[in-house]
Amino acid sequence: MSQTRRNDVGLMYLARKWLGRIPILGVAAIVLLALAVPVLPLADPLHIDVAHHLAPPSLAHPLGQDEYGRDVLSRLLWGARVSLSVAAGSAALACAAGVLLGLVGGFWRGAAEFLTLRSMDIVLCFPPLLLALLVVTLLGPGAGTLIPVLAVLYLPGFVRVVYAGALAVRAQDYVEAAHAIGARPARIMLRTILPNIAGPVLVQVSLTAAAAVVLESGLSFLGLGVVPPAPSWGLMIGAARATMTQAPLLLLWPCAALSLTILAMNALCDALRDLVAGGR
Amino acid sequence: MSWLLRRLLTSAALIWVVASIVFLAIRLVPGDPAELLLSQGGMAPDPAAVAELHAQLGLDRPVLIQYADSLRRLAIGDLGRSLQDDSPVAAEIARRLPRTLELIAAAALLAVLLGIPAGLLAATGRDGAFDRAASFVAALAMAVPVFVVGTLLVLLFAQMLHLVPAGGYVPLAQDPLRHLELLTMPALTIALGLAAAVFRMTRAAVLDEQRRDHVRTAWAKGLSPRRVLLRHVLRNALMPVVTVLALHLGTLLGGTVLVEYVFNYPGLSGLLVEAVNARDYPEVQGVVLVISVLFVALNLAVDLLYAVLDPRVRHA
């Protein structure tokens, strides 16, 4: 795959070398920005100023003001925090539970294998957005509902990756050796098998986080994800639709922020996947 | 034949489990579901209304009887009544399902028409200008969420250029031209992301197929490039593409929710959003159940198609 082409020298080479780093730098920049939001000198994202509603960009409000006169830049950055924490929370939860179930299924086989894999098939029977909507109907919207629901939706991916990895690794001599020296099953699973399948799991984490950002924004766009007045990109896009003829910029900012974030995360996923595949 | 029988039984079991989960979900919620559904905006609901909803949802009877009753009614196609206007849920779903299916079919058609030729072209001119440009556009199309694409299309073509209406629906029998006009924008919105997936898959499959021995033989026989590409390369490369497309279509059954909302298209998913907002549980239950059953059926159909196309699957 990575054959060097003869014309791949000089400027082209440099361009590729640096372009290759954009996803990592981009995701890092977005995450840092989201972490730094509370200490940045930003306007209050919830402060309403009806007199200046839909005001164009100004010195005090670099990206303008929304339909309630709230500062758009501040809402955009606080929105990044909400989106990324929902994504990170659900990916971490799905990863932890998925690693556990996958290891147990792949290590003990038999009934454990049947139960974990078949129960994941059931989750996969529901189109993702639908299962989320079913739960939201019952429990009401909000980040507290969203994170566990997304975690359940993305659980099958982790279980399958870990299960497949565990099956491949458990036949290796070093696992046999760990058995022979009398290591307990929990130790073999976590200390011997898990480190050897960390690569694919990491790729799955990145894929899950990117998918979670998309799903969270979609649900918030429908008004069924993050609850107003908390800022979220999906909510901002949904709200800006009503005023898109008067203030198209209001619609474009969150659309651009969301799309660039997902673009960077997708590119990071691809880069990680290549890295893991190349390391084999 | 035992492969087929096993596959059918698995699907039937999955559908039964799905129905049970949709039935049980309302009972797994902590607290009284009726009270939960009625208490909008944090106001404590009226006890009389709660009791009435209990009777309506059948929550006042023992769980096992409720369960048996709901399965019995499911078997005869009764999905209960809407909490909003007391109309039968099944009838409303039957009215809206064809619209959603039409939207998905139109999107799939557009995606195939865009994605497969582009993928073939990109693979034959690998690393050329077209390949790079198309790969970039595809990465972009996969990154932009479907509701953003839809909203931006509305902003550009409906609000600023006034070329098309912003959304809506007219039955085919009433005005065929207008029907197609209104179908174009939502179908295109879905098709863009789908075409990107089809493009990537086609490109990868064609690149893979080109290296095979039978293709080299075809070239050695002196066949025309056109014949080699279309009859020998593309024909074999389409197998994985069709599978991926079919699986994507399954996800779309639930994924049209956002697009239908953006374009105000009165399909099945639009009904779902209305029902969720009104916390109309029987209606949500019905739609989720119908779509999930279709989803399972579609996966079964893909497997069967695969077995017909490739006999090795049947003996695996």
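Just after helix α7 of chain B comes B:His162, a residue with a positive phi, near 55°. In this predicted model, the helix that precedes B:His162 runs over residues 146–160 of chain B. Its 15 residues should span 21 Å at 1.5 Å a residue, and the C-alpha atoms at the two ends are 20 Å apart, so expectation and model agree. The helix also carries a kink of about 25°, with B:Val154 at its centre. B:Val154 is itself among the buried residues of α7(B). Buried along with B:Val154 are B:Val146, B:Phe147, B:Val148, B:Val149, B:Gly150, B:Thr151, B:Leu152, B:Leu153 and B:Leu155.

We can turn next to the meeting of the two chains. Here 39 residues of chain B are in contact with 32 residues of chain A. Helix α7 reappears on the chain B side, as one of the elements that give two or more residues to the surface touching chain A. The others are α1 (2–28), α2 (33–38), α6 (129–143), α10 (225–262), α11 (268–277) and α12 (281–309) of chain B. Of these, α10(B) supplies the largest share, eight residues. In character, this side of chain B divides into 31 nonpolar residues, seven polar and one charged.

A helpful place to see the chains come together is A:Leu133. Neighbours within four places in sequence aside, A:Leu133 is in contact with A:Leu224 from its own chain and with B:Leu272, B:Val276 and B:Val284 from chain B. A:Leu133 also belongs to the largest nonpolar core, a set of 159 residues. Within that core, A:Leu133 is listed with A:Ala132, A:Tyr154 and A:Ala212 as the residues with the most contacts. The element that gives the most to this core is helix α3 of chain A (residues 72–108), with 17 residues.

Chain A as a whole is helical in its assigned elements, with 11 helices and zero strands. Its C-alpha trace spans about 75 × 60 × 35 Å along the principal axes. Of its 280 residues, 45% count as buried. Among contacts in chain A with a separation of 6 or more, 69% join residues 24 or more positions apart.

Two parts of chain A illustrate the range from buried to exposed. Helix α10 of chain A (residues 233–240) has seven of its eight residues buried, and it is therefore largely enclosed by the rest of the structure. The buried residues are A:Trp233, A:Gly234, A:Leu235, A:Met236, A:Ile237, A:Gly238 and A:Ala240. A:Phe114, by contrast, is found in helix α4 (residues 110–124) of chain A. A:Phe114 counts as exposed because just 11 other C-beta atoms lie within 10 Å, where the cut-off for exposed is 12 or fewer. Between A:Phe114 and A:Ala267 there are 35 Å in space, C-alpha to C-alpha, and 153 residues in sequence.

Finally, a word on confidence. The model scores ipTM 0.78 and pTM 0.82. For chain B the mean pLDDT is 81, with 91% of residues reaching 70 or more. Within chain B, helix α5 (residues 89–124) has the highest confidence, at 90, whereas α2(B) has the lowest, at a mean of 67. Where pLDDT is low, the predicted coordinates should not be read in detail. That same α2(B) is one of the elements that give two or more residues to the side of chain B touching chain A.

Key: Residues are numbered from 1 along each chain as its sequence is written. Chains are lettered from A and ligands numbered from 1 in the order in which they are written. This is a predicted model: local features need pLDDT of at least 70, side-chain atom pairs count only at pLDDT 80 or more; totals for chains, interfaces and linings use all residues. Helices (H or I, at least four residues) and strands (E, at least two) are DSSP runs, numbered from the N terminus. The expected span of a helix is 1.5 Å times one less than its number of residues. The bend at a residue is the angle between axes fitted to the seven residues ending there and the seven starting there. A residue is buried if 20 or more other C-beta atoms lie within 10 Å of its own, exposed if 12 or fewer, and partly exposed in between; C-beta atoms are placed from the backbone. Two residues are in contact if their C-beta atoms, placed from the backbone, lie within 7 Å. Ala, Val, Leu, Ile, Met, Phe, Trp, Tyr, Cys and Pro count as nonpolar, Asp, Glu, Lys and Arg as charged, and the others, Gly among them, as polar. A nonpolar core is a set of buried Ala, Val, Leu, Ile, Met, Phe, Trp, Tyr and Cys residues joined through C-beta atoms within 7 Å. pLDDT is the predictor's confidence in each residue, from 0 to 100.
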